[in-house]
Amino acid sequence: MSQGSPPAPARGGATRSAVVVGGGLAGITAALALADAGVRVTLLEGRPRLGGLAFSFQRGGLTVDNGQHVYLRCCTAYRWFLDRIEGAALAPLQDRLDVPVVDVAKPEGRRLGRLRRDPLPVPLHLGRSLAAYPHLSLAERAAVGRAALALKGLDLADPALDTQDFGSWLAAHGQSARAVEALWDLVGVATLNAVAGDASLGLAAMVFKTGLLSDPGAADIGWARVPLGELHDRLARKALDSAGVRTEVRTRVTSVSLNENGTWSVQVPGENLETDAVVLAVPQREAHALLPPGALDAPGRLLEIGTAPILNVHVIYDRKVLARPFFAALGTPVQWVFDRTHASGLPRGQYLALSQSAAQDEIDAPVAELRERYLPELERLIPGTRAAVVEDFFVTRERTATFAPTPGVGRLRPGARTKAPGLYLAGAWTATGWPATMESAVRSGVSAADAALRALGRPRPRHLFEFEEAA
């Protein structure tokens with residue numbers, strides 16, 4: 001438990017209160033935003049830590065992230081979050097987009113290509129990189145350019161986009177299977193957690209239009225140089241304490257109910273909390289279980305929002321085998337490889353983490369089978385591994401890592417407001433317009449806090465919306 005001093009009453013009336021259920025990024029954001037506006041906030045989290053599905057744990061002497069998480073320069077809400085918890089310096093952005101892409105099917109010495117940008121206006125910023133991208137033919141590169149322009153012309157507000165799949169749209173716009181593998185899925189699988197054929201055109205168009213076709217620097221990549229727990233648990237809790245939020249971990253909410261006087265009761269083991277507003281910032285199935293009758297017109301839709309897994313493979317070598325901080329791979333089951341040596345506290349050797357999205361076929365595979373599959377692939381990709389000794393090999397599995405971005409999911413995602421006055425929803429799965437990313441989670445927390453503050457008659461903290469102005 002962390003306890004800070006409660007905020008002073010807002011001018012013009014008594015302090016209003018709110019309970020936020022769930023201590024992931026959405027819940028932390030909502031709690032900070034409400035507290036910054038003078039609301040007395042209690043944050044309840046069932047796990048022993050904050051951070052939701054972007055967390056760290058101890059393994060021997062190492063601090064291990066459950067999975068590799070990255071963000072882009074266009075993720076203005078998550079960047080605001082990092083600033084708010086004073087963690088931006090610990091998760092810096094690239095100066096300029098640069099993604100090494102290794103094609104294992106090509107002869108050694110000719111395997112490396114790069115996706116990078118120039119300091120030119122959109123879409124010229126990617127022109128030189130695309131023209132020189134060795135993993136596509138000249139005709140495929142030209143077709144990619146035409147498809148990108150067509151994508152740029154789509155109206156993200158058109159609900160019809162959500163009913164189509166991205167793979168069919170790409171095929172209709174002249175994209176070969178190789179182009180899908182070497183470019184569209186290279187980016188899309190990592191951001192959407194689905195291959196093009198399984199992804200909503202609306203969500204895919206949002207990712208590519210915002211990340212690659214909105215601003216020259218929009219797709220510059222950032223990632224934590226420290227364990228995720230340092231950001232999303234320690235620094236987040238410090239910020240919550242400073243804001244006066246009462247934070248309780250290992251505290252699972254059993255029911256949420258509306259009182260006759262218009263206040264809310266939130267039941268936890270051994271305590272009943274009465275409050276003016278409640279934010280449910282938990283996964284969709286958990287939210288469905290806590291929703292009181294009548295809160296949503298069609299609560300069953302929450303159960304129709306599917307989930308998608310992410311598998312992470314962790315390999316520790318006795319020596320340094322990789323010089324670059326990360327790369328993406330083609331022609332192999334390996335998707336993205338990151339160097340986590342320094343962040344984990346490994347004193348010698350090298351620690352590589354493989355992030356495997358859309359891992360439905362492997363999420364339940366035994367560790368021995370995954371070891372047999374991935375170690376030879378790393379030897380094909382990274383020559384330095386061939387003489388190295390594997391000192392540890394383990395996997396982490398997030399079976400419900402994200403909501404599934406399937407066609408039609410848009411109509412299932414609810415907004416922040418419910419039909420029950422004083423009850424709000426937050427989570428990456430709500431209607432943020434983004435796929436299930438850290439950005440979506442933070443945006444949902446802002447939306448829920450904004451709705452609650454309006455109902456409570458409290459002014460919105462101006463700094464909370466700076467990211468929207470910068471977007």
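Which residue takes a positive phi just after α6? In this predicted model, the residue is Asn 193, whose phi is about 60 degrees, and the helix that precedes Asn 193 is a useful place to begin.

Helix α6 is not straight: where a straight helix of 16 residues would span 22 Å at 1.5 Å a residue, α6 spans only 18 Å between its end C-alpha atoms. The helix bends by about 55 degrees at Asp 185, and Asp 185 is also among the buried residues of α6, a group that includes Ala 182, Leu 183, Trp 184, Leu 186, Gly 188 and Val 189.

From α6 the reader can turn to the second largest pocket, which holds about 400 Å³ of space. Among the 24 residues that line this pocket, those closest to its centre are Asp 185, Val 189, Val 195, Gln 335 and Ser 357, and Asp 185, as already noted, is the residue at which α6 bends. Helix α6 gives the most to the lining, with five residues, while β15, covering residues 326-330, is, like α6, an element that supplies at least two. In composition, the residues of the lining divide into 14 nonpolar, seven polar and three charged.

Helix α8, which runs over residues 228-242, offers another case of a bent helix, with a kink of about 30 degrees centred on Ala 236. Its 15 residues nevertheless reach 20 Å from the first C-alpha to the last, which is close to the 21 Å expected at 1.5 Å a residue. Ala 236 is itself buried, as are Leu 228, Leu 231, His 232, Asp 233, Leu 235, Arg 237, Ala 239 and Leu 240, among others in α8. After α8 comes Gly 244, whose phi is positive and near 90 degrees.

The cysteines complete the picture. A search of the whole structure finds zero disulfides. Cys 74 is in no disulfide, and the nearest cysteine sulfur, that of Cys 75, is 4.6 Å away; likewise, Cys 75 is in no disulfide, its nearest cysteine sulfur being that of Cys 74. The pair is not counted as a disulfide because the sulfur atoms would have to lie within 2.5 Å. As for their surroundings, Cys 74 is buried, with a relative accessible area of 13%, and Cys 75 is also buried, with a relative accessible area of 7%.

Methods
Residues numbered from 1 in each chain as written. Predicted model: local features only at pLDDT ≥ 70, side-chain atom pairs only at ≥ 80, totals over all residues. Heavy atoms only, no water. Helix = DSSP H or I, 4+ residues; strand = E, 2+ residues; numbered from the N terminus. Expected span 1.5 Å × (residues − 1). Bend = angle between axes of the 7 residues up to and from the residue. Buried < 20%, exposed > 50% of the residue type's maximum accessible area, 1.4 Å probe, protein only. 1 Å grid on protein atoms, 1.4 Å probe; cavity = no way out; pocket = protein on both sides within 12 Å on 5 of 7 lines; lining within 4 Å. Points joined across faces, edges and corners; volume = space filled by probe spheres on them. Nonpolar A, V, L, I, M, F, W, Y, C, P; charged D, E, K, R; others polar.
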